[in-house]
Amino acid sequence: MNITKSALYGGATAATLALTLTACGGGSNGGSASGGAYDKNATVGVGSLYEPQNLDNTAGGGQGVTEALAGNVYEGLFRLTDDGKVEKLLAQDYKVSGDGLTYTFTLRDGVKFHSGKKLTSQDVKYSLEKVIGKDSQSARKSNLEVIKDIATPDAKTVKVTLSKKSISFVYNLSYVWIVNSEAKSLKTSEDGTGPYTLNKWTRGSALSLDRFAGYWGRAAANKGVVFHYYKNATALNNALLTNAVDVVTSEQSPDALDQFKNNQNYKVSDGDSTTKLLLAFNDKAKPFTDVRVRQAVSSAIDDKKLLESVWGGYGKLIGSMVPPTDPWYEDLTKVNAYDTARAKKLLKDAGYGNGFTFTLDTPNYDPHPTAATFIKSQLAKVGITVKINTITPDEWYTKVYKNRDFAATLQEHVNDRDLVWYGNPDFYWGYDNKQVTRWVEQAEAAPTTAAQTELLKKVNRKTAEDAASDWLYLYPQIVVANSKLSGYPVNGLNSQFYAYDIQKKG
C-alpha cells in the first residue's frame with residue numbers, strides 16, 4: 001500500500017489523452033538539459049527520508065519503493081510524466097471497443113527483463129492479476145477490480161475486458177508495474193524492464209541502481225544512482241552540504257533553505273505537490289459520526305498557523321482533498337474555515353457543549369508529531385481533549401488502515417486525483433454518503449472528461465461541506481540539488497523520482 005509518503009480514478013479518456021512515445025525522457029526537469037559536457041559514467045547520489053518497507057509495491061513497499069523503483073527499475077504499459085501527462089511506454093499501441101469495455105494492447109518489440117527473459121503478454125496478465133489479487137496491498141486494487149477478464153491471444157497482444165466503463169482505465173494503468181511472471185522474492189529483489197537494475201539494497205542505509213546495458217530504450221544519462229536514506233532533515237541537509245549526495249528529493253526543513261539559496265553551488269526548485277496532510281476522522285465512530293462534530297473540529301484548527309509553523313512561507317492551504325493540479329480543483333478554504341466561536345456552537349448543537357476526549361493515532365515521523373501537538377493545543381481551546389498515540393508506519397497500517405481501530409489519525413496522502421476514495425464507504429475513514437458514491441460512479445462512467453470534471457467538483461464540494469476529513473494543508477515540493485546536476489524531476493508527482501535523465505557535470 002502506498003498511501004503515505006494513491007489515485008484511484010484518473011481523468012482522461014483514451015481518445016483525449018496526449019499519448020506519445022518516450023522512454024527515459026519527458027516531463028519537468030530541474031534545470032535545463034546540460035549545455036556543456038557531462039559525465040555519462042557518473043553516479044548520482046540521491047538523498048531521501050523514505051526508505052522502502054520492501055521492494056514490492058503490491059506488498060506494502062510504501063512511498064520509498066515508488067520513489068526508487070517506479071520508472072527506474074519497473075515500467076508500465078503507460079507512464080505518468082513528472083508534469084502529469086500519460087505516455088505510451090511498454091504498450092506500442094492500443095484500441096478501445098465502441099462500447100468502451102474492451103482494451104486491446106499491442107506490446108513493444110525488443111523489450112527484455114533484467115533477467116534476460118523477453119517481455120510477453122503473459123507477464124502483463126500476471127502483473128495486472130497481482131495488483132487485484134486477494135493479498136494485494138496496492139492502493140490501485142479497488143479501481144482496477146473493474147477488470148473482468150484478461151486474454152492473451154498471442155505473445156504481443158493483451159485483451160482486457162472491463163465489467164463497466166472506466167474513463168480512467170488507461171491513466172490507472174500507468175501505476176501498474178510490469179513484472180516478470182517467473183520472478184521470485186520480489187520483496188527483496190526485482191525483475192523489471194527499466195533503464196536500471198538493482199545492484200544492492202542495504203537496509204537502513206542505501207539502495208543502489210546500475211544502468212541496464214540491455215535496456216530497450218535510450219540509455220540512462222548516468223551510470224548509476226544511489227538512494228541514501230536519512231532519519232531526519234538535518235542529516236539529509238548535511239549530506240548535501242558535504243557532497244555525500246547530489247540531490248534531495250523532497251526538502252523537509254524550510255528553515256535550512258537559506259544556506260542553499262544563497263550558495264551558487266546549489267539550486268532550489270519549488271515544484272507542484274500532490275501530497276496532502278489529513279486529519280482523518282473515523283466517520284463510523286462516535287462522535288465523528290456527527291457531521292457537526294467534524295465541522296467543529298475543522299473550524300477549531302488554524303490551518304494557516306499550522307502551515308506557517310511547519311513550513312514557513314511554503315506549502316498551500318487547500319480546504320479539500322483536491323490539489324490545484326487536479327482538473328476538478330476549486331478553492332474551498334472558506335468552507336469550515338478557522339472560527340472558534342462557530343466550533344463551540346456546533347459542539348453545543350451536537351450535544352458536546354462540555355467537549356469530549358478522543359485519541360489521535362499519530363505516525364512517528366515528521367511532521368506528524370508536530371502537527372499532533374499543535375492540534376491538541378488548538379482543540380483544547382474549544383473544550384476537546386486530545387490524547388496523542390504515537391505509532392510506527394507498520395502499526396498505522398494494521399491498526400488504522402486494516403482494522404479501522406481508531407477515532408482519528410494524521411496521515412499523508414500522496415497521489416493526485418484521489419478524491420474518489422470518498423466514494424468508497426469501505427475505505428479506512430468510513431465516509432458514507434450515497435449521493436457522493438453515485439457521483440463518483442457516474443464520473444468514472446462519464447462519456448467525456450468535461451462531464452467527469454463537473455461530477456467530481458460536486459464530490460469535492462460535498463465532502464468539504466461534510467468535513468469528511470480535515471485537509472490541513474498541501475505540502476510544498478522543494479527539491480535541492482548541486483548546481484552540477486540537471487534533468488532531475490521537480491514536481492514529485494505521486495512520490496516518483498525518475499533518475500534516468502539526470503546529467504552530472506564532471
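This report describes the overall form of one protein chain and then several of its local features.

## Overall form

The structure is a predicted model. Its chain holds 13 helices and 20 strands. The radius of gyration is 23 Å, close to the 23 Å that the globule rule gives for 506 residues, so the chain is as compact as a globular protein of that length. Measured out along the principal axes, the C-alpha trace spans about 70 × 60 × 40 Å.

## Burial, surface and charge

Of the 506 residues in the chain, 60% are buried. The accessible surface of the chain is about 19500 Å². Carbon and sulfur atoms account for 46% of that surface.

As for charge, the chain carries 59 positive and 54 negative side chains. The centres of these two sets are 1 Å apart.

## Helix α10 and the bond before it

Helix α10 covers residues 368-380, which is 13 residues. At 1.5 Å a residue, a helix of this length should span 18 Å, and the C-alpha atoms at the ends of α10 are indeed 18 Å apart, so the two values agree. The buried residues in α10 are H368, A371, A372, F374, I375, Q378 and L379. Seen down the axis of α10, the buried residues fall within an arc of 165 degrees, so they line one face of the helix.

The loop between β14 (357-363) and α10 contains P367. The peptide bond that joins D366 and P367 is cis, with omega about 5 degrees.

## A second cis peptide bond

Another cis peptide bond runs from K286 to P287, and its omega is near 5 degrees. P287 is placed in the loop between β13 (276-281) and α7 (291-300).

## Residues with positive phi

R417 has a phi near 55 degrees, which is a positive value in a residue other than glycine. This residue belongs to the loop between β16 (408-413) and α12 (434-444). The relative accessibility of R417 is 12%, and buried means under 20%, so R417 counts as buried.

A467 also has a positive phi, near 45 degrees, and is likewise a residue other than glycine. The loop that holds A467 lies between α13 and β17 (470-474). Because its relative accessibility is 0%, A467 counts as buried.

## Helix α13 and K458

Helix α13 takes in residues 449-465, and K458 is found within this helix. The relative accessible area of K458 is 44%; since this value lies between the 20% limit for buried and the 50% limit for exposed, K458 is partly exposed. K458 and D154 are 304 residues apart in sequence, and their C-alpha atoms are 43 Å apart in space.

## Loop residues G71 and L89

G71 is part of the loop between α1 (62-69) and β2 (78-80). With a relative accessibility of 14%, G71 counts as buried. In sequence, G71 and Y196 are separated by 125 residues, whereas in space the distance from C-alpha to C-alpha is 9.0 Å.

L89 sits in the loop between β3 (86-88) and β4 (91-96). Its relative accessibility is 4%, so L89 counts as buried. Along the chain, L89 and F78 are 11 residues apart, and their C-alpha atoms are separated by 4.8 Å.

Notes. Residues numbered from 1 in each chain as written. Predicted model: local features only at pLDDT ≥ 70, side-chain atom pairs only at ≥ 80, totals over all residues. Heavy atoms only, no water. Helix = DSSP H or I, 4+ residues; strand = E, 2+ residues; numbered from the N terminus. Expected span 1.5 Å × (residues − 1). Buried < 20%, exposed > 50% of the residue type's maximum accessible area, 1.4 Å probe, protein only. Arc of directions from axis to C-beta. Rg over C-alpha atoms; globule rule 2.2 N^0.38 Å. Areas by Shrake-Rupley, 256 points an atom, 1.4 Å probe, with all protein chains shown as cover. Lys, Arg positive; Asp, Glu negative; His and termini not counted. Charge placed at Lys NZ, Arg CZ, Asp CG, Glu CD.
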